[in-house]
Amino acid sequence: MDIRENLEDQERALMTFYKAPNIKWACPLKCTLEGDTAVGEGVNRYFFSKTISKLQFGFNLNLGNTEVTRLFEGEPDHLVPSTSQFLLESDIFLMAGRMIGHSFLHGGPCLSGISPAIIHVLFGGTPETATIQLEDCPDLDLRSTIQLLEGNTELSEKEKGIILDLALSWDLPGFNQNNRRWLFERLLLHAVIGRTSRQIKQLRRGLKDTMVWPLLHARADVIPLLLQRESDALYTSQMIIERITWPAMRVEEDEEEEEECSLETKCRITGYLRRFIDSASSTELKDLMKFWVGWEVPGKELQLEIVNSSFPKSSTCFEILRLPGHYTDYVAFERDIRACLSTTDTGFGLV
């Protein structure tokens, strides 16, 4: 990937890699960013972070008369594959399945927020046994039409006509009082599962290509780790703080080596960092992890150093965050930290 190119060309390079045939996805990965001096494990983490981010939030490519092409649509924890015919015919969901499986094999970030009904069918469940909710239908026009059948409220002739038009377009019978609940369920089933069945098959093929499928088929308890709920993907300050090795707690190997910063400076800066983490949102904490280690997945031991420098820096390969000791007020510290976190998608510079 050449980070000197525009964003669209970078994303095309990413898609080209995942659409290539005969790739051994479980083999060790070595990524190179052309135009950046960065090398090492941190670059691999950056690659997987960018990959899953594009699946989660969309590609900045016009693949269907839109500025941002989203592969999954809808609300958090109710995301379903896009019904775009162009994406389907281009095997984009096959590519998406490979991306998900590849990141999982290498311990990378996972896709979150997929509808449980889609996950149920993806891993072998029948559509008829899937628990489908109205929120799983991302098309608000379809949702409002189907919702008319919910409950026992008397429908107007106009509403009956709207329902009839939708039912006939999907080869279903019209509405009457005897089939109201049945028709509601059939329309919802087709809106969520029927219209995305081919996309689900492509996702399954992509997962099988990465050779992760046998594990998922044999161990259903692994599936929530591969496709997380949005609530499970939220980060808390305690989750980060308990993994940090604070400078004051570290024992220097060479006791005669002169400290860069005094104990007072270390206590002040680490206090600023803790204050930032305590007040940060889940999204900001994920950005902090990307700056610190290269991706959103927190390391087991996050190393922290207080040094003499101008701005915060990180060594993602070794999971070390280096903070300058010159800050004397929290406002300046927070300003620079937020500026650094805004650069996580543009490369490294120093690794």
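User: Before we look at helix 13, what does buried mean here?

Analyst: Buried means under 20% relative accessible area, while exposed means over 50%. Keep in mind that this is a predicted model. With that cut-off, the buried residues of helix 13 are Thr265, Lys266, Ile269, Thr270, Tyr272, Leu273, Phe276 and Ile277. They cover an arc of only 150° around the axis, which puts them on the same side of helix 13.

User: Which residues are exposed on the other side of helix 13?

Analyst: Leu263, Glu264 and Arg275 are exposed there. The helix itself runs over residues 263-279, so to speak a run of 17 residues, and reaches 24 Å from its first C-alpha to its last, close to the 24 Å expected at 1.5 Å a residue.

User: What covers the buried residues of helix 13?

Analyst: The cover includes three helices, namely helix 12 (237-241), helix 14 (282-293) and helix 15 (330-341), along with strand 5, strand 6 and strand 8.

User: Those strands bring us to the sheet. How do strands pair in general, and in what order do they stand here?

Analyst: Strands of a sheet pair through backbone hydrogen bonds, either parallel or antiparallel. In this model, four strands form an open sheet in the order 5-6-8-7, with mixed pairing. Strand 5 and strand 7 stand at the edges, each with a single partner strand, so one side of each is left without a neighbour in the sheet.

User: How many bridges join strand 6 to strand 8, and how many join strand 5 to strand 6?

Analyst: Five bridges join strand 6 to strand 8 (residues 320-324), and these two run parallel. Two bridges join strand 5 (residues 244-245) to strand 6, again a parallel pair. To find the register in your viewer, start from Thr245, whose bridge partner in strand 6 is Gln303. Towards strand 8, Ile306 stands opposite Leu323, and Val307 stands opposite Pro324.

User: Why is strand 6 described as largely enclosed?

Analyst: Six of the six residues of strand 6 (residues 302-307) are buried, so the rest of the structure largely encloses this strand. Both faces are covered: Leu302, Leu304 and Ile306 are buried on one side, and Gln303, Glu305 and Val307 on the other.

User: Which residues touch the most other members of the largest nonpolar core?

Analyst: Phe123, Trp292 and Phe333 do, in a core of 101 residues. Trp292 is a handy one to click on. Leaving aside neighbours within four places in sequence, its contacts include Leu273 as well as Leu302, Gln303 and Leu304. Glu319, Ile320 and Leu321 are also among the contacts of Trp292.

User: Let's turn to backbone angles. What sign does phi have in most residues, and where does phi turn positive here?

Analyst: Most residues other than glycine have a negative phi. Glu319 has a positive phi, near 55°, and lies in the loop between strand 7 (313-315) and strand 8. Asp91 also has a positive phi, near 60°, in the loop between helix 3 (85-89) and helix 4 (92-105).

User: Are Glu319 and Asp91 buried or partly exposed?

Analyst: Glu319 counts as buried at 16% relative accessibility, whereas Asp91, at 32%, counts as partly exposed.

User: One last loop: where is Asn179, and what does its side chain approach?

Analyst: Asn179 is found in the loop between helix 7 (157-169) and helix 8 (180-192). Asn179 is buried, with a relative accessible area of 12%. A polar atom of its side chain lies 2.9 Å from the backbone nitrogen of Asn176. Beyond neighbours within four places in sequence, Asn179 is in contact with Pro173 and Gly174.

Notes:
Residues numbered from 1 in each chain as written. Predicted model: local features only at pLDDT ≥ 70, side-chain atom pairs only at ≥ 80, totals over all residues. Heavy atoms only, no water. Buried < 20%, exposed > 50% of the residue type's maximum accessible area, 1.4 Å probe, protein only. Pairing = 2+ DSSP bridges. Arc of directions from axis to C-beta. Contact = heavy atoms within 4.5 Å. Core = buried A, V, L, I, M, F, W, Y, C linked by side-chain atoms within 4.5 Å. Polar contact = N/O pair within 3.5 Å; in protein donor to acceptor, adjacent residues only side chain to side chain.
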